[in-house]
Amino acid sequence: MVRIIIHIVVITIGVFFLGGCKPQPEAPQLLADAQRFMENNPDSAMLLIDSLFYPEKSLRHEDYMRYLVLHVQARYKTNRPVADDTLVFRARDHYSDRLDKEPRMAALAWFYSGCVYRERGDYEKAMLHYKKAETYATGTADTALQGLIQYNLGDLFAVQDLFSKAQENYKAAARFYGEHPEKEAYSLSAVGRMFLLDKNPDSAFFYFQKGLEAAKPTNDKVLQSLLAQNTGVAYQQIGQYAEAERYFRQSYRYNRDKEDQARYYLNLAKLFAQTEQLDSAAFYAGKLKNSVESSDDNYLKASAYKFLADWEKARGRDNEAFAYQNKRIHSLNRIMDDRKDQSVYEIEQKYNYGQKQNFYNQRFIRFQQWLMGLMGVLLVVVVSLLFLFWRMLKERAAKLRMQENVNTLRATTIDLLSVEEESRLKEKVLKETLQWKLDVLKNTMHLRYMMSEREQKTYQPLFDSLDKILFDQNTKTPGMDIRQTVEHLNPSLRLFIRQQYPTLSETEYNVCLLSYASLSVQEVAFVLNQSEHTVYKARTRLNKKIGSDFYSVLRRALSL
């Protein structure tokens, strides 16, 4: 009898500690599957990563570190924002201590930490992390990873207009991608773009041609069509229209998919309109009208409708031009809706994960209560049947009380963590909502800026309705709305500027905030109803009062 009771107690405690504390037992297998799908099917990998609702509880420490890297990797590969994924820094530090055992994971952790810094605008730290990842990747046989790091180093130099340095990294990426023709082709094409930006068209088109040659063995007609199209656009930009037409037609031969025909017609219509071959332009404009509606690409539609609106307006057909302008605005609204839908989807995902975590916490507490009740019953039975062993039972009871205290502390800790997680979620949702509002305001302002005064007056009721739907107000002062949204998104920014630079005028302050929001000089002048000359003078004064690069000063201040 004693042995049976002891066995029941041991088994119950074993179930509690080995099973009850793991809310998602299948988590290790889901993580392994996500890693397996990552290179060839990142969308599937992202779904598997998203299905892990309590990774820190369901995975061993080593697997959790791997999860932190894979989580950012999946988001990066599926074009999701990674600026807030700072938990990867923990994995970076973890794998830095395990270089001898896992150099590849160390390289990945440093690379994706650099991607986080890059998206946050801290290019200096991004460069440091990319270079560290480059060093660690040399200790692996993974040439694809080394190519990825070199390509992103090139991107980092390119955004800073350091085209010669970017060329070298893109060339290095092409060499590492020798066994991956598709990626090699993109790298060679990137080298060509850098030469084109560096005012060296002969070298640029040499590398564009090399990119097309590299893409041929893949037999990927879509890739070859895209590279030929980009080459044609480059020729068009430098005024070599015959070559541009040749590559546009080559692009069409590579890929005659109906989904891409609208882009082909748009390129040729623009080209012939630019060279004043009006009959040919009219022919392809007509083709574009018949094909654009069937496309699912809202960016392509917005570009096509803009061209058609300008084309019809130049022919004096104002009603048709107005209709195409309306369609363009609808496409732009769809683009903003898609971005909003993605944001809402991620919020919903996080809410669902929170619900699952709460469910686990409640199950954990119920299991704990059941276990305590069972222990009490077993204790009474043992005491009544085995009086001779009362000293042993007394000691066991003391241990059980100690276990109760530990369990109570655990439950309290989980409750506190739940409150803290909820608070962090609310802060993140607010930040994402403000960022979305800022994007909408900037896009709406840019749309107004691109319109003539007549078009602005014509579409003002539409803008008022859009503002009423999105913000429950009419935005009469878009510059002030953008400025206030930037202040709300960065609460410490206004206080920092007013305390550190109290001599700034109101105009200088507005120019500073709108420039920080990535508006161009022309856009700042538009929203403030000032001349571009006034804005340039204000920026010059800001550079004198704050520093030669007041953007960097503000970013460093916000990172402290």
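How closely do the axes of helix α23 and helix α25 approach, and at what angle do they cross? The legends below take up this crossing first, in a model that is predicted, and then turn to other close-up views.

**View 1. The crossing of helices α23 and α25.** The axes of helix α23 (residues 506–516) and helix α25 (residues 532–545) come within 9 Å and cross at roughly 90°, which makes α23 roughly perpendicular to α25. On the α23 side, the residues that meet the other helix are Glu-508, Val-511, Cys-512 and Ser-515. Their partners in α25 are Val-535, Ala-538, Arg-539, Arg-541, Leu-542 and Lys-545.

**View 2. Arg-483 and its surroundings.** Arg-483 belongs to helix α21, which covers residues 478–489, and with a relative accessible area of 11% this arginine is buried, because buried means under 20%. Once its neighbours within four places in sequence are left aside, Arg-483 is in contact with Arg-494, Glu-506, Tyr-509, Asn-510, Leu-513 and Leu-514. One of these partners, Leu-513, is 30 residues from Arg-483 along the chain, while the C-alpha atoms of the two are separated by 6.0 Å.

**View 3. The two sides of helix α16.** Helix α16 is formed by the 14 residues 278–291, which at 1.5 Å a residue should span 20 Å, and its end C-alpha atoms are indeed 20 Å apart, so the expected span and the model agree. The buried residues of α16 are Ala-281, Tyr-284, Ala-285, Leu-288 and Ser-291. Seen down the axis of α16, these buried residues fall within an arc of 130°, and they therefore line one face of the helix. An α-helix has 3.6 residues a turn, so residues three or four places apart point the same way. On the face of α16 turned away from its buried side, the exposed residues are Asp-279 and Asn-290.

**View 4. Glu-312 in helix α17.** Glu-312 lies in helix α17, which runs over residues 298–314, and this glutamate counts as buried because its relative accessibility is 2%. Apart from neighbours within four places in sequence, the residues in contact with Glu-312 are Lys-289, Arg-317, Glu-320, Ala-321 and Tyr-324. Glu-312 and Ala-323 are 11 residues apart in sequence, and their C-alpha atoms are 9.9 Å apart in space.

**View 5. The buried face of helix α2.** Within helix α2 (residues 27–37), the buried residues are Ala-27, Leu-30, Leu-31, Asp-33 and Ala-34. Seen down the axis of α2, they fall within an arc of 160°, so they line one face of the helix. These buried residues of α2 pack against three helices, namely α3 (42–50), α4 (55–58) and α5 (61–77).

**View 6. The whole chain, as a setting for the close-ups.** The secondary structure of the protein chain comes to 26 helices and zero strands, and buried residues make up 44% of its 560 residues. Among the contacts with a separation of 6 or more in the protein chain, 61% join residues 24 or more positions apart. The protein chain exposes about 30,400 Å², of which carbon and sulfur atoms supply 54%.

Note on methods: Residues numbered from 1 in each chain as written. Predicted model: local features only at pLDDT ≥ 70, side-chain atom pairs only at ≥ 80, totals over all residues. Heavy atoms only, no water. Helix = DSSP H or I, 4+ residues; strand = E, 2+ residues; numbered from the N terminus. Expected span 1.5 Å × (residues − 1). Buried < 20%, exposed > 50% of the residue type's maximum accessible area, 1.4 Å probe, protein only. Arc of directions from axis to C-beta. Contact = heavy atoms within 4.5 Å. Areas by Shrake-Rupley, 256 points an atom, 1.4 Å probe, with all protein chains shown as cover. Axes fitted to C-alpha atoms, helices over the stretch in contact; angles between N-to-C directions. Parallel < 35°, antiparallel > 145°, perpendicular 65-115°, else oblique.
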